[in-house]
Amino acid sequence: MQQKIQMVDLHGQYMKIKAEIDAAIAEVIDSSAFINGPAVGRFASALAQYTGARHVIPCGNGTDALQIALMALGLKPGDEVIVPAFTYVASAEVIALLGLRPVMVDVDCDTFNTDIRFIEKAITPRTRAIIPVHLFGQSCDMAPILDFAAAHGLYVVEDNAQSLGAVYTYPDGRSRHTGTLGHIGCTSFFPSKNLGCYGDGGALFTDDDALAERIRMTANHGQRVKYHHDVIGCNSRLDTMQAAVLEVKLRHLDEYSRARRTAAHRYNALLRGVDGIELPVEASFTTHVYHQYTVKVKDGRRDALKEYLASREIPSMIYYPLPLHRQKAYACGGAGLKIAESLADSVLSLPMHTELTVEVQERIAGEVAGFFKR
């Protein structure tokens, strides 16, 4: 009987660190410190040390992180925030929820990431911030984005939900973790992320002391002192149980990243001769931690390939089938966003996780190749 193939194998990953995870969870239950217990602070400190960020502020989830970031920056209704059209909806959702205006821009056709060429064309007198999204596991080219933002007095809020652990190298050779490059970085600990908990979770990163204080207040009902509410805030916190899980898994994150890169490079070797697809591109200025392994399928055959793989019990996913400017909730025409529209019609993500075996990948690659030989 063939092994069932999964897009993400969270159970297999858990079994390898079961003793560590079970002990961490038991410690939380024994202490009964379920909210703001010691593991929350320990995890935040460990993640700050790992990324090099001066401040790490945990919160309830990645979408909350983005919303809290924009709230902490004090943006006003009607202010414009530039966001890529090819990404998950959360990046635009929080902009609209706060009465701000999301301005969608096109993306790089090779890396799928936010591109300075399109940002430059989108700026207006109302532009206040840019949200570059580090999509699928690698960094946007941040140096030109940061330089442009500084020249125009704009905030940069990184959406690093898919690329925690990736490292960006500046033109002068300096390097930093994604999420620590802009004014604020945001990430998600959704279970399927590279660093995922067993529920919901998120965090914000900043090197700015004043911003860090405002972020903490915003995430805690706008209070610095209990029952004294200085700003309008929200209630968003990482519970102790999830922090305990993340504290364990953070110790394995580099191992997980290596496993994903190994799997991606194995896919590359197995699929290189398949004419019907274009393989993922690794940019020279960033490491790639492969949250997704996403190919482009040529000649309009993406949906047919997906159906074919499903008939062979091989899962695949389309991230994302409709760009943001074509979503009913955000429809804005989007003339000129042709790359985002082309990607929405052609991308397909194959199974990618830390537990992929050679045998499973050979089976997947063989079926992909077989589809194009029919």
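**Exercise 1. How many bridges join strand S1 (residues 55-59) to S9?**

Before we start: this is a predicted model, where local features need pLDDT of at least 70, side-chain atom pairs count only at pLDDT 80 or more, and totals for chains, interfaces and linings use all residues. Residues are numbered from 1 along each chain as its sequence is written, and side-chain values use heavy atoms, with hydrogens and water left out.

*Step 1.* Get the labels straight. Helices (H or I, at least four residues) and strands (E, at least two) are DSSP runs, numbered from the N terminus.

*Step 2.* Now the pairing. Two strands pair if DSSP finds at least two bridges between them. S1 and S9 run antiparallel and are joined by 5 bridges. For example, His55 has Thr206 in S9 as its bridge partner.

*Step 3.* Look at the other partner. Strand S8 (residues 184-188) pairs with S9 over 4 bridges, again in the antiparallel sense. Here Cys186 stands opposite Leu204 in S9.

**Exercise 2. Work out whether the residues of S9 are buried or exposed.**

*Step 1.* Fix the cut-offs: buried means under 20% relative accessible area, exposed over 50%, and partly exposed in between (1.4 Å probe, protein chains only).

*Step 2.* Apply them to strand S9 (residues 202-206): 5 of its 5 residues are buried, so to speak mostly covered.

*Step 3.* Split the strand by direction. Gly202, Leu204 and Thr206 point one way, Ala203 and Phe205 point the other way, and all are buried.

**Exercise 3. Put the sheet that holds S1 and S9 in order, and find its edges.**

*Step 1.* The order is S1-S9-S8-S5-S4-S2-S3: an open sheet of 7 strands with mixed pairing.

*Step 2.* S1 and S3 stand at the edges, each with a single partner strand, so one side of each has no neighbour in the sheet.

*Step 3.* From one strand to the next, the twist averages 25°. Angles like this run from 0 to 180 degrees between N-to-C directions, and axes are lines fitted to C-alpha atoms, for helices over the stretch in contact.

*Step 4.* Add a helix. H8 (residues 209-219) packs on the sheet and touches S1, S8 and S9, with its direction making about 15° with that of S1. Contact means heavy atoms within 4.5 Å.

*Step 5.* Try helix H5 (residues 90-97) as well. Its buried residues include Ala90, Val94 and Ile95. The buried residues of H5 pack against helix H4 (62-72), strand S2 (80-84), strand S3 (101-105) and strand S5 (155-159).

**Exercise 4. Describe the sheet of 3 strands and the helix that packs on it.**

*Step 1.* The strands follow the order S12-S13-S14 in an open sheet, and the pairing is antiparallel. Strands S12 (277-278) and S14 (347-350) are at the edges with a single partner strand each, so one side of each is left without a neighbour in the sheet.

*Step 2.* Strand S13 (residues 293-297) pairs with S14 over 4 bridges, and Val295 stands opposite Leu348 in S14. Helix H10 packs on this sheet, touching S12, S13 and S14, and its direction makes about 25° with that of S13.

*Step 3.* Zoom in on Ala264, which sits in H10 (residues 253-271). Ala264 has 0% relative accessibility, so it counts as buried. Neighbours within four places in sequence aside, Ala264 is in contact with Tyr290, Tyr293 and Met352.

**Exercise 5. Say how H11 and H13 pack.**

*Step 1.* Know what to look for: two packed helices are described by the angle between their axes and the distance between the axes.

*Step 2.* Read off the values: H11 (residues 302-311) and H13 (residues 358-373) pack at about 125°, with axes 10 Å apart.

*Step 3.* Classify the angle. Under 35 degrees is roughly parallel, over 145 roughly antiparallel, 65 to 115 roughly perpendicular and the rest oblique. H11 and H13 are therefore oblique to each other.

*Step 4.* List the contact: Ala304, Leu305, Tyr308 and Leu309 in H11 meet Glu367, Val368, Gly370, Phe371 and Phe372 in H13.

**Exercise 6. Find some unusual backbone spots.**

*Step 1.* Most residues other than glycine have a negative phi, and most peptide bonds are trans.

*Step 2.* Asn36 has a positive phi, near 55°, and is exposed, with a relative accessible area of 55%. Glu313 also has a positive phi, of about 60°.

*Step 3.* The peptide bond from Tyr319 to Tyr320 is cis, with omega near 10°.
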